[in-house]
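Let's take a walk through the hollows of this protein and then step out onto its surface. Keep the viewer open as you read.

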Amino acid sequence: MNRPTVPSPASFDRHAGWLAAACCAIAVVGFAATHAAFSHAQHPLGLLGAADVPGASAFNLLGFIAPGLLAAWVFIRLRARLPVGAARWAGIGCWMLALSALAFAAQGVWRLDQADLDGPISQRHATMWLLWWLAFAAGALVLGAGLLRDRIWRGVSIAFVIAGTVVVLLNAFPVFAGPIAQRVVLLAWLVCVVVASRSGGVIRIA
C-alpha cells in the first residue's frame, strides 16, 4: 500500500529557493560589476550596500532582504513538511535556519558605514552577519542530525550536515581570506535554501 510520508511542496514553495538564490547571485554579480574598485577577494558583500555607495538601497533589497525573506519562508514551510517520525531536533533546526535567514535579510536593513567600519552602525551589520552564519551552521547540523535516521530524507540530511560542517570549519580554521570564506558560506547557504524548497512529497512503499 502506498502511504505518503509528507505533503508535497506547493508550487511557490518549490520555486522560492531558486528565486532566493537567483536574486542574491544576480545582485552580487551585477552590482559588483558596476564598481570597478570592488574586489570579491578583498571586500565584504555588505560594502555594496554601504551608506553613500551608488545603488546601495537596490543592492540591499535584492541582495539581502528579498533572498532572506524568501529563505525564511522556505525553512518555515519545510518545518511543516517534515516526516511524522522525524526527531524533534529536525523541527528546531528548521526554526534556527529561519532565524538565520531573517538575520541575512537584516544585513540589508542595518547596512555598513564605509566611513566608519568599526563604528556602532557597522557593528549592527556585523552582528547580523555573525548571527546569520552561526544560526545557519547550528541549524543545518541540528536539522541534518534530526533527519539522519529517516531513509528517504537521508540525502537531505547529509546535504545539511555537510553544509553545516563546512561553515564551522571555515570559521574555526580560516584557510581562506575573510571575503572568500564569506562567499563560500553564502554558496553553502543558498544551496541549502534550494534543497529545502525542493524537499518533500516523497512516497514510501509500505
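Start with the second largest pocket, which has a volume of about 190 Å³; bear in mind that the model is predicted. Helices H1 (11–33) and H6 are the elements that give two or more residues to the lining of this pocket. Among the lining residues you'll find Ala21, Cys24, Ala25, Val28 and Val29, along with His40, Leu45 and Arg183. By type, the lining splits into 10 nonpolar residues, one polar and one charged.

Now move to the largest pocket, with about 360 Å³ of space. There are 19 residues in its lining, and Pro44, Trp129, Gly178, Pro179 and Gln182 are the ones nearest the centre. Helix H6 (178–198) turns up again here, and helix H4 (120–147) and H5 join it, each supplying at least two lining residues. Look for charge in this lining and you'll find none: the count is 13 nonpolar and six polar.

What about enclosed space? The whole structure holds one cavity of 30 Å³ or more, and about 40 Å³ of space lies in it. Its lining is made up of Leu45, Phe64, Phe104, Gln107, Trp129, Trp132 and Gln182, which come out as five nonpolar, two polar and no charged. Trp129 and Gln182 should look familiar, as they also sit among the residues nearest the centre of the largest pocket.

Finally, head outside. Leu148, Ile158, Ile162 and Val166 make a nonpolar surface patch, together offering about 320 Å² of accessible area. Ile158 belongs to helix H5 (residues 154–172), and its relative accessible area of 42% makes it partly exposed.

Conventions. Residues numbered from 1 in each chain as written. Predicted model: local features only at pLDDT ≥ 70, side-chain atom pairs only at ≥ 80, totals over all residues. Heavy atoms only, no water. 1 Å grid on protein atoms, 1.4 Å probe; cavity = no way out; pocket = protein on both sides within 12 Å on 5 of 7 lines; lining within 4 Å. Points joined across faces, edges and corners; volume = space filled by probe spheres on them. Nonpolar A, V, L, I, M, F, W, Y, C, P; charged D, E, K, R; others polar. Patch = residues over 30% accessible without salt bridge, like charges linked within 9 Å, V, L, I, M, F, W, Y side chains within 5 Å. Areas by Shrake-Rupley, 256 points an atom, 1.4 Å probe, with all protein chains shown as cover. Salt bridge = Lys/Arg side-chain N within 4 Å of Asp/Glu carboxyl O. Helix = DSSP H or I, 4+ residues; strand = E, 2+ residues; numbered from the N terminus. Buried < 20%, exposed > 50% of the residue type's maximum accessible area, 1.4 Å probe, protein only.
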